[in-house]
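Me: I'm new to this structure and would love a close look at one part of it. Could you walk me through the open sheet and what surrounds it?

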Amino acid sequence: MSDELPEEASADAGDRPDADPSARGGVPGEPAWRAGVRGSHFGQVAVVIVAAFAIAIAAWWAVGPEDAGPAQAEIAVVTEVDVAGASTAPVAGQTAPAFTAADLDSQEVALDPQATEGRPVWLMFVATWCTGCRTEMPDVQAAAAAYGDDVEVIVVYVGEDAAAVSAYSERVGNEFTQVPDRNQAISAAYGIMGVPSHFFIGADGVVQQVHVGLLTPAQMDESLRALTGA
């Protein structure tokens, strides 16, 4: 008796080059080589990798390729920034550093107890190229709209000029006070080392809360309620 196996038992029918792709769940008319790759372990892994890459590309385009900037522009809770001459950041209970600057309409923006008009201030430090800051911005807009005139929202853009901030603001539709801080003077006074950074300042000019990093809508609401006494 021969020790050789019959041809049909020597290999699975689906592994033979002449196998019908439709017998293995293939697509009618699909070339045998493509069906073989798709049905193999390597082919399945390749499909997963390609799908993951496609999802990553879609997410990158969703935040806007035109906003891509330095290497720091990564999705993160805090994105590091380099501010020359940064002071020690104020903490809760300390008086907020006063400053005078110009907004995007060249109007004066002053932060001091006399200029707050009796309103508390939500002071933010961000950057247009910071993906985390862009992710957070719709929630900031919603919170600012919800509290209206009860809180003055001032957003400072670390190290950026008016042209860059204006272009960004037009794309995302920001409607609160925005201050380009090209020379980083305001950022240095507040000891900024990462964005976004949030300072919740009472109407008396005293810092009530400091948060460095992304805030959820619930965290924003909690801080603003405490700030306004709502």
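Reply: Here is a walk through the sheet, the helices beside it, and a few spots around them.

Please keep in mind that this is a predicted model. The sheet is open and has five strands, in the order 6-5-4-8-9, with mixed pairing. Strand 6 and strand 9 (207–212) are the edge strands, each pairing on one side only. On average, neighbouring strands here are turned by 15° against each other, direction ignored.

Let's look at one pairing in more detail. Strand 4 covers residues 121–126 and runs antiparallel to strand 8, with five bridges joining the two. One place to find this pairing is Phe125, whose bridge partner in strand 8 is Ser197.

Two helices meet these strands. Helix 5, residues 162–172, packs on the sheet and touches strand 5 (152–158) and strand 6. The direction of helix 5 makes about 145° with that of strand 6. Helix 7, residues 217–228, lies across strand 4, strand 8 and strand 9, and runs at about 165° to strand 9.

Now for the charged pairs. Side chains of opposite charge can pair when their charged atoms come close. A search of the whole structure finds two salt bridges. One is between Glu152 and Arg119, with the closest N and O atoms 2.6 Å apart. Glu152 belongs to strand 5, while Arg119 sits in the loop between strand 3 and strand 4, so this pair ties together parts that are 33 residues apart in sequence. Another salt bridge joins Arg225 to Asp221, and here the closest N and O atoms are 2.9 Å apart. Both Arg225 and Asp221 lie in helix 7, four residues apart, which is about one turn of the helix. Arg225 is partly exposed, with a relative accessible area of 43%, and Asp221 also counts as partly exposed, at 31%.

The backbone has some details worth finding too. Most residues other than glycine have a negative phi, and most peptide bonds are trans. Just before strand 8 (197–201), Pro196 lies in the loop that follows strand 7 (194–195). The peptide bond between Val195 and Pro196 is cis, with omega about -5°. Gln184 is in the loop between strand 6 (177–181) and helix 6 (185–189). Phi of Gln184 is near 65°, a positive value in a residue other than glycine. Is Gln184 buried or exposed? Gln184 is buried, because its relative accessible area is 18% and the cut-off for buried is under 20%.

Ser106 offers a contrast in its surroundings. Ser106 lies in the loop between strand 2 (99–102) and strand 3 (108–111), and its phi is likewise positive, near 65°. Yet Ser106 is exposed, with a relative accessible area of 62%.

Finally, let's look at the surface. Val77, Val78, Val210 and Val212 form a nonpolar patch there, with about 300 Å² of accessible area together. Val78 comes from the loop between helix 3 (41–63) and strand 1 (79–80), and counts as partly exposed at 36% relative accessibility. Another place to visit is Gly85, in the loop between strand 1 and strand 2. Gly85 counts as exposed, at 67% relative accessibility. Although Gly85 and Ala188 are 103 residues apart in sequence, they are 5.9 Å apart in space, C-alpha to C-alpha.

Methods
Residues are numbered from 1 along each chain as its sequence is written. This is a predicted model: local features need pLDDT of at least 70, side-chain atom pairs count only at pLDDT 80 or more; totals for chains, interfaces and linings use all residues. Side-chain values use heavy atoms; hydrogens and water are left out. Buried means under 20% relative accessible area, exposed over 50%, partly exposed in between (1.4 Å probe, protein chains only). Two strands pair if DSSP finds at least two bridges between them. Axes are lines fitted to C-alpha atoms, for helices over the stretch in contact, and angles run from 0 to 180 degrees between N-to-C directions. Contact means heavy atoms within 4.5 Å. Patches are made of residues with over 30% relative accessible area and no salt bridge: like charges are joined within 9 Å, nonpolar side chains (Val, Leu, Ile, Met, Phe, Trp, Tyr) within 5 Å. Accessible areas come from the Shrake-Rupley method with a 1.4 Å probe; for residues, only the protein chains shown count as cover. A salt bridge is a side-chain nitrogen of Lys or Arg within 4 Å of a carboxyl oxygen of Asp or Glu.
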